[in-house]
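Good morning, and thank you for joining. I would ask everyone to open the sequence and the structure before I begin.

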Amino acid sequence: MRIALICSSLQPGRDGVGDYVRRLTNELRSMGHTSIAIALNDPGDCLDEPNIIRLPRKTAWSKRWAQTRECLAKFSPDLVSLQWVPYGWHPRGYPRGVASPLSNIVPPNAKRHLMVHECWVGINIRDTILHRVIIGPLQRAASLKVFRNWQAQVTHTSIPAFAACLQRYSIKATVLPLFGNIPVVNEGQITTLDQLLPHDANAAPQLIVAWFGTVPIEWNAGELLIRLSAAAKSHGRRLVILSLGRTGAHGHKLTEWLNTKPDLGLHLPIGECSEAKLSSLLKSIDIGLSGVPLALVGKSGAI
């Protein structure tokens, strides 16, 4: 098949949906399909890459729509897959004005697929009144207009909560589980972690925990780490805490708090690193931590 995947951004390592689309495009090609990925609202420097087309957001929308329409007409896809997340199309997640142009760029003979990575804010009872009453309804109206104009033959989403949410608006979506953002590598599994840990023959055995990516504001990580440290000590082990990737503003606050609590254990703020090193570290830990609500776990490529 000839498959075109459309998303908002394909900036490497800066967009979870974009990274997903890149991996999916490559996997489709390895299975014998002809596939391309097109980013219509990319914030980064758009370098030439095989099978990847990145249209910068600084370019006028009219030009981007025309370029995409021309590209798809030339590619002549059997299937066009829209990989949707509202914040990719507008800073506040209110993608007004994109429903009709998106629908019109698809060649008439191509089938349409929709993957809803995120619906809209305000679904979670923990969301603020502002999100539930104002921002959420605006996002919902704009997103539903996109979905209905797209007229997909097949619609997927990543978790049952989103499928149920879409069903309330007469959109039938099947759950399609995500694959991870980080490939599994075999080399360096022990060496990488050994290089980071202090070498002390008299040190207690380690209990190694880690989180990867943005720390959510709702996550009470401090209480969890205190309890983990106590549990480790009760078993004669020392807690080692790794923070991996870009942890965000609340991750920085958590790091500052950990710096005031040396008795909890050893904290190693690794930050951003290569995929190979990150994969190696993730394979070496005892416990993975996340502040993502349980109902949303399936939508996280980081998890």
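In which strand is Asp-42 found? Asp-42 is found in strand β2. Before I go further, let me state that this is a predicted model.

Let me stay with Asp-42 for a moment. Is this residue buried or exposed? Asp-42 counts as buried because its relative accessibility is 1%, and the threshold for that class is under 20%. A polar atom of the Asp-42 side chain lies 2.7 Å from the backbone nitrogen of Leu-10. Setting aside residues up to four places away in sequence, Asp-42 touches two groups of residues: Ser-8, Ser-9, Leu-10 and Gln-11, and then Arg-54, Leu-55, Pro-56 and Arg-57.

One of those partners, Ser-8, deserves a word of its own. Ser-8 sits in the loop between β1 and α1, the latter covering 16-30. With 2% relative accessibility, Ser-8 also counts as buried. Beyond four places in sequence, the contacts of Ser-8 include Asp-42, Ala-39, Leu-40 and Asn-41, as well as Val-85, Gly-88 and Trp-89.

That brings me to Trp-89. Where is Trp-89 found? Trp-89 belongs to the loop between β4 and α3, and it counts as buried because its relative accessibility is 5%. Outside a window of four places in sequence, Trp-89 touches Cys-7, Ser-8, Leu-40 and Asn-41, the tryptophans Trp-61, Trp-65 and Trp-84, and also Leu-82, Pro-95, Val-98 and Leu-102. For a sense of distance, the C-alpha atoms of Trp-89 and Lys-253 are 29 Å apart in space, with their positions 164 residues apart in sequence.

I turn now to the nonpolar cores. How many residues does the largest nonpolar core have? The largest nonpolar core has 34 residues, and those with the most contacts inside it are Ile-6, Leu-82, Trp-84, Leu-102 and Phe-147. Several elements each supply at least two residues of this core: the strands β1 (2-7), β2 (34-42), β4 (79-84) and β5 (111-116), together with the helices α2 (61-75), α3 (99-104), α4 (129-150) and α5 (160-167). A second core, separate from this one, has 15 residues, including Leu-207, Leu-239, Ile-241 and Leu-258.

Leu-102 gives a view from inside the largest core. Apart from neighbours within four places in sequence, Leu-102 is in contact with Ile-6, Leu-40, Leu-82 and Val-146, and with the tryptophans Trp-65, Trp-84, Trp-89 and Trp-150.

Next, two residues with backbone angles that call for a check. Asn-51 has a phi near 65°, a positive value in a residue other than glycine. Asn-51 is placed in the loop between β2 and β3 (52-56), and its relative accessibility of 27% makes it partly exposed. Ser-170 likewise has a positive phi of about 65° and is not a glycine. Ser-170 lies in the loop between α5 and β7 (174-175). Is Ser-170 buried or exposed? Ser-170 counts as exposed because its relative accessibility is 67%, where the class requires over 50%.

Two further positions concern α1 and the loop before it. Pro-12 is found in the loop between β1 and α1 and is partly exposed, with a relative accessible area of 47%. Its contacts, leaving aside neighbours within four places in sequence, are Asp-19, Arg-22 and Arg-54. Arg-23 is in helix α1 and is partly exposed, at 25% relative accessible area. Which residues does Arg-23 touch, not counting residues up to four places away in sequence? Arg-23 touches Phe-179, Gly-180, Asn-181, Ile-182, Pro-183 and Glu-275. Arg-23 and Gly-180 are 157 residues apart in sequence, yet 9.6 Å apart in space, C-alpha to C-alpha.

I close with the overall figures. The secondary structure comprises nine helices and eleven strands. The C-alpha trace spans about 70 × 45 × 35 Å along its principal axes. Of the 303 residues, 46% count as buried. Among contacts between residues at least 6 apart in sequence, 75% join residues at least 24 apart. The protein exposes about 16000 Å², of which carbon and sulfur atoms supply 54%. Finally, the mean positions of the 33 positive and 21 negative charges are 10 Å apart. Thank you for your attention.

Definitions and conventions:
Residues numbered from 1 in each chain as written. Predicted model: local features only at pLDDT ≥ 70, side-chain atom pairs only at ≥ 80, totals over all residues. Heavy atoms only, no water. Core = buried A, V, L, I, M, F, W, Y, C linked by side-chain atoms within 4.5 Å. Buried < 20%, exposed > 50% of the residue type's maximum accessible area, 1.4 Å probe, protein only. Helix = DSSP H or I, 4+ residues; strand = E, 2+ residues; numbered from the N terminus. Contact = heavy atoms within 4.5 Å. Areas by Shrake-Rupley, 256 points an atom, 1.4 Å probe, with all protein chains shown as cover. Lys, Arg positive; Asp, Glu negative; His and termini not counted. Charge placed at Lys NZ, Arg CZ, Asp CG, Glu CD. Polar contact = N/O pair within 3.5 Å; in protein donor to acceptor, adjacent residues only side chain to side chain.
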